[in-house]
Amino acid sequence: MTRTAAAACLALYLAWLVGLEHPQWSAMTVWASSQPLRGQLLERSFFRMAGTVVGTIAGVLLVVLAGNQPLALVTGLALWVGLCAGIGNLQRSYISYGTMLAGYSAGMVALLDTAHPDRVLVLGSDRLLTVLLGVLIALGIGLLFAPRQSPEDLNGRVRSLTARVLRAMALRLRGDSDILSAEPRAILSEMAAIEEALDPHAAGSLRSRRAARAIRALLAAQAAALVWLRGSDAASSEPAISLALDRTAAALEGAAGADEILALIEEVAREAGAHPPLRAVVLRLETALRDQFGAPARVGERPSLAHPVILHRDWVVARQAAIRAGAAMLALGLLWVVTGWTLAPYMMLGASIMLSVFSTFDNPARSVWYVALGQFGGVIAALLCRWLVWPHAGSEMALVFLAMPFILSGAPLMAHQRTAPGAYDYNMAMLLMLQPAYPLTLAFWPSVAMAGAVVAGPLAGLAAYKLIFPIDARRRMDILVGMMVREVAAMAANRNPADHRLVWRARLFHRMLRLIRWAEKTNDRKLSMIDGSLAVLTLGEAVLRLRALLRDPNVPSGAARGAKMALGRVAEIIHDPVRAQHALDRAARRLAHEARLEAAFVHDAARALATNLAFFRRAAGSV
């Protein structure tokens, strides 16, 4: 942190030296761009620059198109910030950050010099150059000192997890039903933790991104294995397959190479030839391992064995974030227009950051409290610098150097566990107010009023999060549960789901991992969430099987009627999961009477639904 603070001081000095009007923006950029690992630093810096360019252009256009009409400027800015907040919630990692930054960067250009709209191009250029300088300094310092990502730890966790899945399958095939009590839940918990770590791991490298994609495909194949593990088809005793699975797991746990591991899992697939559901699971694992190891696919391998990587996009939360940000910015802008408060733009700027960037946090309202405390400390530090230290300066250069001890004070705050949550905003609020311009002209009370406007920004954001679509981790979980259940209902209602089955399967899997991770963070009935998520996957697999059965011209009429009835009830599952469960039970009995392979899948779905009715009922009021 001391290195970052020193880099911020250097950025402030260099920006002042080359004559930029707001040199403190360069120091702010250093704090914003700094990351612990080299790849993360590269990617965050790129998207910060891209977001600044887009936001600056948008800000200039807003001022030009609005002319001298504050109401038009406020309306346009509210729409822009809302749009960026909504799109940013559909994205992930640093690209989401860049989109959010484009929103509030427009505000920095459009709001901070509203008295002189003719200077908007100058202000926009100054914004771009200060950010570019800050990014370059952060990159230079970071590339010298920041370590690279180490993929070994993550790859080791993935190998170990795959071995655990194979050993669990081997125990199940030996008739050990106790394996169902805790191990699948522990495996899913580790899968969710690994998935969450993939985006930071992939940052800054196309090769790392491809590796992360391969790991996600392998995790999806493991999820399919867990669904099989809990199914009734897994109960048969098969010592030969069990032994082959154990050997493959041992190879993964040891130092075996890719060729040896792939040869062993091919042996498992051959041994499982008499059990089509098991063999399909093993072949999916083999396909995913080949992809991860960079080995060519087997000749004649079916495309359906591959797991596409389809990431969860929360359209509900994104829509709410867009409406919340746009409405709050419009309300604050109207307050500015009606009252004529000259410092209201500072409040609007702070609120735009809170309403965009923080909308992706698990619990934005709680986070904004830390922001408000940090900004309060930052404006106090800025006032102390301005009125106790800067009056002793005899030149603008002296102002720059006298501000540096205050910038350095942010390092210990960032490093300490208790002050870290608000330390970043301490630094940003302080620098926002410390524009070194000599001679000093701003009077005491106007500077205090400016400090109040800066702190009012996050408080306005807090009010918006409390009043407009309140959101926290629990609410996110409820929305996600609803989306998963509605996904299965849509699968049941679609007469030709074969065209989308891989997409549905992949999206359900990723949503399941996201849900499990949120459940762990909030301790919200974690086991129920894991079991309920597996029940959704099991139900989705049964729906796909029933749809495939109806396309078979040789299926008996009684089995076909039962399948149609079950699919119709599942399509309405959001309203009555009990009726869906009964219909699946009846369909399973009819299919078993006809000795159809689908009977086991439908029976498992009915059992999973009956065991997790509370999970499915939770979906009814989620959206």
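**Helix packing, salt bridges and a surface patch in a predicted all-chain model**

A good place to begin is the surface, where Leu71, Leu330, Leu334, Val337 and Val338 form a nonpolar patch with about 410 Å² of accessible area together. Patches here consist of residues with over 30% relative accessible area and no salt bridge, with like charges joined within 9 Å and nonpolar side chains (Val, Leu, Ile, Met, Phe, Trp, Tyr) within 5 Å. Accessible areas come from the Shrake-Rupley method with a 1.4 Å probe, and for residues only the protein chains shown count as cover. Helix 13 (residues 315–339) supplies the largest share of this patch, 4 residues. Leu330 is found in helix 13, and it counts as partly exposed because its relative accessibility is 31%; the classes are buried for under 20% relative accessible area, exposed for over 50% and partly exposed in between (1.4 Å probe, protein chains only).

The structure is a predicted model, in which local features need pLDDT of at least 70 and side-chain atom pairs count only at pLDDT 80 or more, while totals for chains, interfaces and linings use all residues. Residues are numbered from 1 along each chain as its sequence is written, and side-chain values use heavy atoms, with hydrogens and water left out.

Turning to the overall picture, the secondary structure of the protein comes to 26 helices and 0 strands, where helices (H or I, at least four residues) and strands (E, at least two) are DSSP runs numbered from the N terminus. The C-alpha atoms fill a box of roughly 90 × 55 × 40 Å along the principal axes. Of the 623 residues, 56% count as buried. The protein exposes about 25,700 Å², and carbon and sulfur atoms supply 61% of that area. Among contacts with a separation of 6 or more, 76% are accounted for by residues 24 or more positions apart; a contact means heavy atoms within 4.5 Å.

Two helix pairs illustrate the packing. Two packed helices are described by the angle between their axes and the distance between the axes. The axes of helix 15 (residues 364–389) and helix 19 (residues 444–467) come within 9 Å and cross at roughly 175°, which makes helix 15 roughly antiparallel to helix 19. Axes are lines fitted to C-alpha atoms, for helices over the stretch in contact, and angles run from 0 to 180 degrees between N-to-C directions. Angles under 35 degrees count as roughly parallel, over 145 as roughly antiparallel, 65 to 115 as roughly perpendicular and the rest as oblique. Residues of helix 15 in this interface include Trp369, Phe376 and Trp387, and those of helix 19 include Phe444, Leu459 and Tyr465.

Helix 13, already met in the patch, also packs against helix 20 (residues 473–493), with axes that come within 9 Å and cross at roughly 130°. Helix 13 and helix 20 are therefore oblique to each other. Trp315, Val316, Val317 and Gln320 of helix 13 make the contact with Arg475, Arg476, Ile479 and Met483 of helix 20.

Charged pairs come next. Side chains of opposite charge can pair when their charged atoms come close. With a salt bridge taken as a side-chain nitrogen of Lys or Arg within 4 Å of a carboxyl oxygen of Asp or Glu, the count comes to 21 salt bridges. In one of them, the closest N and O atoms of Asp199 and Arg216 are 3.3 Å apart. Asp199 lies in helix 8 (residues 179–202) and Arg216 in helix 9, so this pair ties together parts that are 17 residues apart in sequence. Both Asp199 and Arg216 are buried, and they are linked with Arg92 and Glu195 in a network of salt bridges.

Arg545 and Glu541 form another salt bridge, with closest N and O atoms 3.6 Å apart. Both lie in helix 22 (residues 526–550), 4 residues apart, about one turn of the helix. Arg545 is partly exposed, with a relative accessible area of 25%, whereas Glu541 counts as buried at 15% relative accessibility.

Helix 9 (residues 206–229) also holds Ala214, which is buried, with a relative accessible area of 4%. Ala214 and Ala288 are 74 residues apart in sequence and 7.0 Å apart in space, C-alpha to C-alpha. Leaving aside neighbours within four places in sequence, Ala214 is in contact with Asp291 and Gln292.
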